[in-house]
Amino acid sequence: MSKWIKRTHFFSSDKYECSSCGRQFDRPSAACPGCGAAMRGSQYDPSWVDEVEMLDAIFDD
Ligand SMILES: [Zn+2]
């Protein structure tokens, strides 16, 4: 199961790192553009729930 790991940077925009291949992208997407892994929330990481809600807000625009 893959997910986006948000990387916050002080001097550039936030990046989203693929937990499968480790590549970073400006925006999260339903599947990693780098390795094609389908992104799903992790049931083992409670913090991910909040991020899913945040991602939903991003996808709405
Ligand atoms: Zn990837």
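## A tour from the β2–β3 pairing outward

Select E17 first: E17 stands opposite Q24 in β3. You are looking at a predicted model. Show the two strands around this pair. Strands β2 and β3 are joined by 2 bridges and run antiparallel.

Now follow the turn. β2 and β3 make a hairpin, with 5 residues between them. Pick G22 in that turn and check its backbone: phi is positive, about 85°.

**The whole sheet**

Zoom out to the full chain. There are 3 strands and 1 helix. Along the sequence the pattern reads β-β-β-α. Colour the strands. The 3 strands form an open sheet, ordered β1-β2-β3, with antiparallel pairing. The edge strands are β1 (4–7) and β3 (24–25), and each of these pairs on one side only. Strands of a sheet pair through backbone hydrogen bonds, so switch on the backbone atoms here.

Next, select β1 and β2 together. They run antiparallel, joined by 4 bridges. Click K6: across from K6, in β2, stands Y16.

**Y16, in strand β2**

Stay on Y16. Its strand, β2, spans residues 15–18. Is Y16 buried or exposed? Y16 is buried, because 22 other C-beta atoms lie within 10 Å, and the cut-off for buried is 20 or more.

Show the contacts of Y16. Leaving out residues up to four places away in sequence, Y16 touches W4, I5, K6, Q24, F25, R27 and P28. Two of these, K6 and Q24, have already come up on the tour. Now draw a distance from Y16 to R27. These two are 11 residues apart along the chain, and their C-alpha atoms are separated by 6.2 Å.

Turn the sheet to compare the faces of β2. Y16 and C18 make up the covered face. K15 and E17 make up the uncovered one. In a regular strand the side chains alternate between the two faces of the sheet.

Before moving on, colour by burial. Of the 61 residues in the chain, 11% count as buried.

**F25, in strand β3**

Select F25, in strand β3. F25 is partly exposed, because 14 other C-beta atoms lie within 10 Å, which falls between the limits of 12 and 20. Which residues does F25 touch, not counting those up to four places away in sequence? They are K15, Y16 and P33. Then draw the C-alpha line from F25 to R7: it spans 9.8 Å, for a sequence separation of 18 residues.

**The loop between β3 and α1**

Move on to A30. A30 sits in the loop between β3 and α1. A30 is exposed, because only 9 other C-beta atoms lie within 10 Å, and exposed means 12 or fewer. Link A30 to K3: the C-alpha distance is 9.4 Å, across 27 residues of sequence.

Continue to R40, in the loop between β3 and α1. R40 has 12 other C-beta atoms within 10 Å, so R40 counts as exposed. Where does R40 make contact, not counting residues up to four places away in sequence? R40 touches M1, S2 and K3. Measure out the pair R40 and M1: 39 residues apart in sequence, 6.5 Å apart from C-alpha to C-alpha.

Pull up a contact map if you have one. Take the contacts between residues at least 6 apart in sequence. Of these, 27% join residues at least 24 apart.

**Last stop: confidence**

Recolour by pLDDT. The chain averages 78, and 66% of the residues score at least 70. Which element has the lowest mean pLDDT, and which the highest? Helix α1 (residues 46–59) has the lowest, at 58, and β3 the highest, at 93. Select residues 42–46 too. Over this stretch pLDDT is below 50, and beyond near neighbours in sequence the stretch has 3 contacts in the model. Where pLDDT is low, the predicted coordinates should not be read in detail.

To finish, return to β3. The element with the highest mean pLDDT is also an edge strand, and Q24 in β3 faces E17, the residue that opened the tour.

Note on methods. Residues are numbered from 1 along each chain as its sequence is written. This is a predicted model: local features need pLDDT of at least 70, side-chain atom pairs count only at pLDDT 80 or more; totals for chains, interfaces and linings use all residues. Two residues are in contact if their C-beta atoms, placed from the backbone, lie within 7 Å. Two strands pair if DSSP finds at least two bridges between them. pLDDT is the predictor's confidence in each residue, from 0 to 100.
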